[in-house]
Amino acid sequence: MSSRISCQVSDGSPTVVRLGGDLDLVTMRSVHRVLDRCLAAQPDALVVDLADVTVHDRLALSVFAAAARQAADWPAVPLVLCAPSPEAAAWLAESTTCRVVPVRRDCDEAVRVAGAAAAPRLRARLEPAAGACRRARELVADACARWSLPEAVGPASVVLSELVGNVVRHAGTPMQVTLTLRRPWLHLTVVDGSPDAARPGDPDLRAEGGRGLMLVRELAQRWGSVPAGDGKVVWATLPAN
């Protein structure tokens, strides 16, 4: 991280990131990397404490809106800012950032707001074995029963089993599967240890396989593949009817 800005990450529920130093168009890149790493851990919520930050360029505050927009698709984590200086608070109020990220006057209040916004999650660690897809379908059935989403069982089971099957066939690494309900959406994510991005194939019409991600694309409202640590995450969002 830039020597002109520092951060202290306190893991918990929610995770709290305390920034200190100078925030400008250069150091905002370092802040983005820190927030990206925190979001990759899929915390329940994320609070960013700005009490010790001096903002030198109002455009640098856009780093928080960018992180929140990213988190809305994956990993569906609410982000809350707190304790900005009076000048930074005024800039935030005038910008689009406040439309995306709540701002609270102190850390305690921000923690309460973030905790209240945290979405229910179901997590599981799977090995790249033959039974992984079956286990993925069982997880969907369990989650949909808990959250009263009977109509989502079918499409979500297909999507998650295809995401898991893609890891089994191509990445061959252990994976972290997470289901998150953030109405009106059900978020499905699979994190694996391969850095290779997941892309739909273009199989021959007579080929027996290679259509898994094409099926995900057709069934999901949105989906994507992004780097996460030493590997990647593939996520999909479906309506939570």
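In this predicted model, the largest nonpolar core takes in 34 residues, and the ones with the most contacts inside it are Leu160, Val164, Val177 and Leu179. Quite a few pieces of the chain chip in: strand 6 (121-126), helix 6 (132-146), helix 7 (153-171), strand 7 (175-182), strand 8 (185-192), helix 8 (212-219) and strand 10 (231-239) each bring at least two residues to this core. Helix 7 hands over the largest share, with seven residues.

Val177 gives a feel for how things meet in there. Leaving out residues up to four places away in sequence, Val177 touches Leu122, Arg123, Ala124, Leu126, Leu139, Leu160, Val164, Thr189 and Val190. Apart from this core sits another one, made of 29 residues, with Val17, Val34, Val55 and Ala88 among them. As a general point, nonpolar side chains in soluble globular proteins tend to be buried together.

Zooming out, the chain has eight helices and ten strands. Its radius of gyration is 19 Å, which agrees with a compact globule, because a globule of 241 residues would come out near 18 Å. The C-alpha trace spans about 60 × 35 × 30 Å along its principal axes. Of the contacts with a separation of 6 or more, 68% link residues that are 24 or more positions apart.

As for inside and outside, 46% of the 241 residues are buried. The accessible surface adds up to about 11,600 Å², and carbon and sulfur atoms own 50% of that. The chain carries 27 positive and 26 negative charges, and the mean positions of these two sets lie 3 Å apart.

How values were computed
Residues are numbered from 1 along each chain as its sequence is written. This is a predicted model: local features need pLDDT of at least 70, side-chain atom pairs count only at pLDDT 80 or more; totals for chains, interfaces and linings use all residues. Side-chain values use heavy atoms; hydrogens and water are left out. A nonpolar core is a set of buried Ala, Val, Leu, Ile, Met, Phe, Trp, Tyr and Cys residues joined through side-chain atoms within 4.5 Å. Buried means under 20% relative accessible area, exposed over 50%, partly exposed in between (1.4 Å probe, protein chains only). Helices (H or I, at least four residues) and strands (E, at least two) are DSSP runs, numbered from the N terminus. Contact means heavy atoms within 4.5 Å. The radius of gyration is taken over C-alpha atoms; the globule rule is 2.2 Å times the number of residues to the power 0.38. Accessible areas come from the Shrake-Rupley method with a 1.4 Å probe; for residues, only the protein chains shown count as cover. Lys and Arg count as positive and Asp and Glu as negative; His and the chain ends are not counted. The place of a charge is taken as NZ of Lys, CZ of Arg, CG of Asp or CD of Glu.
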